[in-house]
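Hi,

Here is the structure I promised to pass on. Have a look at it first, and my notes on what turned up follow right below.

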Amino acid sequence: MIDWLVRRFVRDCDNTGDAAVRTSYGQFAGIVGIVCNVALCVAKGAIGIVAGSVSIVADAVNNLSDAASNIVSLLGFKLASRPADPEHPYGHGRYEYLAGLVVAALVLAIGINLVGSSVDKIVHPTPVEFNGVLVVILLLSIVVKLWMAAFNRSIGRRIDSETLQATAVDSRNDVISTAAVLLSSVVAHYADIQLDGIVGAAVGVFIIWSGIGLVRNTVNPLLGEAPSPELVEHIRAKIMSYPGVLGTHDLMVHDYGPGRQFASAHVEMPVEADPMESHDLIDNIEQDFKNDDGLIVTLHYDPIVTDDPAVTDMRNWIDQAVKIIDPRITIHDLRTVPGPTHTNVIFDCVRPADLELSEEQLRRRVKQIVSDHYPRTVAKITIDESYVSSEQ
């Protein structure tokens, strides 16, 4: 049902990576949310005032804030769709992340406000009116909010939108909140136990907890979180699938908003191969990423000696030996410079971001490992930081 509705209003819906189509999805979701939330706010506000229930009135205000969140989402998608300009060469995609952060902050504020009003109701309890209209309105609200949660989650996943995912969570919270309000009203009517304030406070605490999680999720991409394991593995696997590629390292992914990701990596290729052919292959890989994935990738050519068995054996041994320090540590770009008294062994060592050893401590440990096994060598080590998560 949700897919049919979306396809009726959004053209070219299969091409969700296209910026214009993505904006259409986001704006359509925002308009649907505004209409539904305003209608719920009016209905619940009226019945809450008549019934004298602070939790129902708070629930109505929550719907009004949800409509404001939908307006923020609508504006966020619109601003994010603006093309790149001289001041913002990577586009304006992060407006969508900012919109998601505002929605998360509104959820948090609603939870705090609900706790405050509920505590006041606990201190100064008043009876809650109960009638069939109240039950019908609240049940209708639950049904609508369940549908809206599924609707926003479906579109959010379809276009990979943190903003719509946050909106879906907010709708789910509304279902819990309204169900709790309905339960407290029923208990108050049939058991003469006033739970209105207590239930409102409990729901408020839950919404605050949910809001904190949403804030964390929407702040992460703004701070520069690690790329997803799926994206990292896809990039690595695709680079390694080309003939002549020996390895890849130093992958970095920069996120400037949904559909606006840029990546760079080093590609190891045999030094004995024609450099023009290697350069041509790297150009082809970069172009394939752009055409197939919409990803701008810049690749650096690293020539690797493959016809010297001694260097190959040394590279493989050191790569395994450093894992004694930490299994996640890797080396790359190893080369040797023989001399009359010793041989310089030059390579880079990738340090996981959360490694307890400092850069200098790691360098000293690796040097010791190399000199113990190869006493006539001097290790010249560059410590690289890992820009993907430790699990990747």
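Tyr256 is partly exposed in this predicted model, because its relative accessibility of 23% falls between the 20% limit for buried and the 50% limit for exposed. Tyr90 also counts as partly exposed, with a relative accessible area of 39%.

These two tyrosines belong to the aromatic pairs, of which the structure holds 6. One that may catch your eye is edge-to-face: Phe28 and Phe151, at 5.8 Å centre to centre and with 75 degrees between the planes. Phe28 sits in helix 2 (residues 19-51) and Phe151 in helix 5 (residues 132-159), so this pair ties together parts that are 123 residues apart in sequence. Both of these phenylalanines are buried. The rings of Tyr90 and Tyr256, in turn, are stacked, because their centres are 4.1 Å apart and their planes stand at 5 degrees. Tyr90 comes from the loop between helix 3 (54-80) and helix 4 (94-123), and Tyr256 from the loop between strand 1 (247-255) and strand 2 (261-270), so here the parts tied together are 166 residues apart in sequence.

Two more ring details: Trp147 joins Phe28 and Phe151 in one aromatic cluster, and the charged end of Lys238 sits over the ring of Phe289, 5.0 Å from its centre.

Now to the sheet. Three strands form an open sheet with mixed pairing, in the order 4-5-6. Strand 4 (330-338) and strand 6 (377-385) are at the edges with a single partner strand each, so one side of each has no neighbour in the sheet. On average, neighbouring strands are turned by 15 degrees against each other, direction ignored. Strand 4 pairs with strand 5 (residues 343-351) in the antiparallel sense, over 7 bridges; Pro338 has Thr343 of strand 5 as its bridge partner. Helix 10 (residues 309-321) packs on this sheet and touches strand 4, strand 5 and strand 6, with its direction at about 140 degrees to that of strand 4. Helix 11 lies across strand 5 and strand 6, at about 145 degrees to strand 6.

Finally, a word on confidence before you set anything up. The average pLDDT of the chain is 82, and 91% of the residues score at least 70. Among the elements, helix 11 (residues 359-373) has the highest mean, 94, and helix 1 (residues 2-9) the lowest, 52. Over residues 9-16 the pLDDT stays under 50. Where pLDDT is low, the predicted coordinates should not be read in detail.

Best wishes

Definitions and conventions. Residues numbered from 1 in each chain as written. Predicted model: local features only at pLDDT ≥ 70, side-chain atom pairs only at ≥ 80, totals over all residues. Heavy atoms only, no water. Phe/Tyr/Trp six-rings, centres within 6.5 Å; stacked < 30°, edge-to-face > 60°. Helix = DSSP H or I, 4+ residues; strand = E, 2+ residues; numbered from the N terminus. Buried < 20%, exposed > 50% of the residue type's maximum accessible area, 1.4 Å probe, protein only. Lys NZ or Arg CZ within 6 Å of the ring centre and 35° of its normal. pLDDT = per-residue confidence, 0-100. Contact = heavy atoms within 4.5 Å. Pairing = 2+ DSSP bridges. Axes fitted to C-alpha atoms, helices over the stretch in contact; angles between N-to-C directions.
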